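Trainee: Could you walk me through this one? I would like to begin with the helices and then move on to the sheets.
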Amino acid sequence: MTDAPKPLDIDTVQAFVRVADFASFTRAAEALDTSQAAISLKLKRLEERLGYRLLERTPRHVRLSPQGEHFIVAARALLHAHERALGDMGNPARRRLVIGISDHVAGPDLPTWLSRLAAYDPLVILEVRIASSRDLVAAFDRNELDAVIVRNEGDRQDGEVLVVERFGWFAAPTWQHTPGTPLRMATMAAPCGVRHLATRALDTARIDWTEVFVGGGVMAVGAAVSAGLGIAALAHRVAPSGTVDVSEQYGLPALPMSEVVLHSRITDSRSRETLRALSATFRGVLRSPV
């Protein structure tokens, strides 16, 4: 009579899925509130238990092996079944997290964040509001939001700095500025913190400018830039694909670095875990070391 297979350990399976989601041992450790060494040990134990390698790791990249691509489908199903079983045992009300994300922060990565959050915590109801950093911080202070991820536009020191991002002056490759005429700008409507830092930098450098497009969001501003209407001050991460930084070409002033900050009042442990996953996902956008 052969021995029954040893059951898989949920914690090791969870560690594997998080590393796969973030493509990073570092980000997975942050999301699970543990160390990179502990994550590595769990992955080693899981691979030894299965008898094959799940991940291919280099100094710069982490990716699934062919066996890992096959196993992760079952691994996700196992984690989801585990979460549902725990929920059924406790019969808790579904949790709702109301999170605000600045329009200048969300950018093209928002679908990735939401898909990873949904995979991380299938029992949570996510309510996400996109608005200006200033409006979101005000709503947070009025207790209307559980957490916000915004650009630090003031002197507040009570948030957690997630990343510091570079800004540039972006334009379509075919866009040209006529010397002696005001610089044509696409911006968001005031009061917008990014608009303020951009116009202040131009005024300090004594560069005349004029608004040719005012958008209700970063997507609209990016569309105007891509269409060649003008230039815009944008974080490199959210600049539309195909646009170029023309700062050096036209001698435009350097823009200050911008802190992306998390403010949260979440206290229950499961929701805090979900928020850690969101923070780790955001940090991972900048392709930190594995």
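Mentor: Let us fix one term before we start: a residue counts as buried when its relative accessible area is under 20%, and as exposed when that value is over 50%. Keep in mind, too, that this is a predicted model.

Trainee: Fine. Which residues in α1 are buried, then?
Mentor: In α1 the buried residues are T12, V13, Q14, A15, F16, V17, R18, V19, D21 and F22. That makes ten of the 13 residues in the helix, and α1 is therefore described as mostly covered under the under-20% cut-off.

Trainee: How far apart are the end C-alpha atoms of α1, and what should the helix span?
Mentor: Helix α1 covers residues 10-22, and at 1.5 Å a residue its 13 residues should span 18 Å; the end C-alpha atoms are 18 Å apart, so the two values agree.

Trainee: And what sits at the two ends of α1?
Mentor: At the N-terminal end D9 acts as a cap, with a side-chain oxygen 3.2 Å from the backbone nitrogen of D11. After the helix comes A23, which has a positive phi, near 50°.

Trainee: Let me step back for a moment. How many helices and strands does the chain have?
Mentor: There are ten helices and twelve strands in the chain. Of its 290 residues, 43% count as buried, and the chain exposes about 15100 Å², with carbon and sulfur atoms supplying 53% of that area.

Trainee: What about contacts between residues at least 6 apart in sequence?
Mentor: Among those contacts, 76% join residues that are at least 24 apart.

Trainee: Now the sheets. What is the strand order in the one with five strands?
Mentor: The order is β4-β3-β5-β12-β6, in an open sheet with mixed pairing. Strands β4 (124-131) and β6 (160-165) stand at the edges, and because each has a single partner strand, one side of each is left without a neighbour in the sheet. Ignoring direction, neighbouring strands here are turned by 15° against each other on average.

Trainee: In which sense do β3 and β5 pair?
Mentor: Strand β3, residues 95-102, pairs with β5, residues 147-151, in the parallel sense over three bridges. Within that pairing, I101 of β3 stands opposite I149 in β5.

Trainee: Which strands does α7 lie across?
Mentor: Helix α7, made of residues 133-141, lies across β3, β4, β5 and β12 (258-264), and the helix runs at about 150° to β5.

Trainee: Moving on, what is the order in the three-stranded sheet?
Mentor: That open sheet has the order β10-β7-β11, and its pairing is antiparallel. Its edge strands, β10 and β11, each pair on one side only.

Trainee: How many bridges does β7 make to β10 and to β11?
Mentor: Four bridges join β7 to β10, which spans residues 232-235, and two join β7 to β11, residues 244-245. On the β10 side, F167 stands opposite A235; on the β11 side, F170 stands opposite D245 and A171 opposite V244.

Trainee: Is β7 itself mostly covered or mostly open, and which way do its residues point?
Mentor: Strand β7, residues 167-171, is mostly covered, with five of its five residues buried. F167, W169 and A171 point one way, whereas G168 and F170 point the other way, and all are buried.

Trainee: Why would the directions split like that?
Mentor: In a regular strand the side chains alternate between the two faces of the sheet.

Conventions. Residues are numbered from 1 along each chain as its sequence is written. This is a predicted model: local features need pLDDT of at least 70, side-chain atom pairs count only at pLDDT 80 or more; totals for chains, interfaces and linings use all residues. Side-chain values use heavy atoms; hydrogens and water are left out. Two strands pair if DSSP finds at least two bridges between them. Axes are lines fitted to C-alpha atoms, for helices over the stretch in contact, and angles run from 0 to 180 degrees between N-to-C directions. Contact means heavy atoms within 4.5 Å. The expected span of a helix is 1.5 Å times one less than its number of residues. Buried means under 20% relative accessible area, exposed over 50%, partly exposed in between (1.4 Å probe, protein chains only). A polar contact is a pair of N or O atoms within 3.5 Å; within protein, one must be able to donate a hydrogen and the other to accept it, and residues adjacent in sequence count only if both atoms are side-chain atoms. Accessible areas come from the Shrake-Rupley method with a 1.4 Å probe; for residues, only the protein chains shown count as cover.
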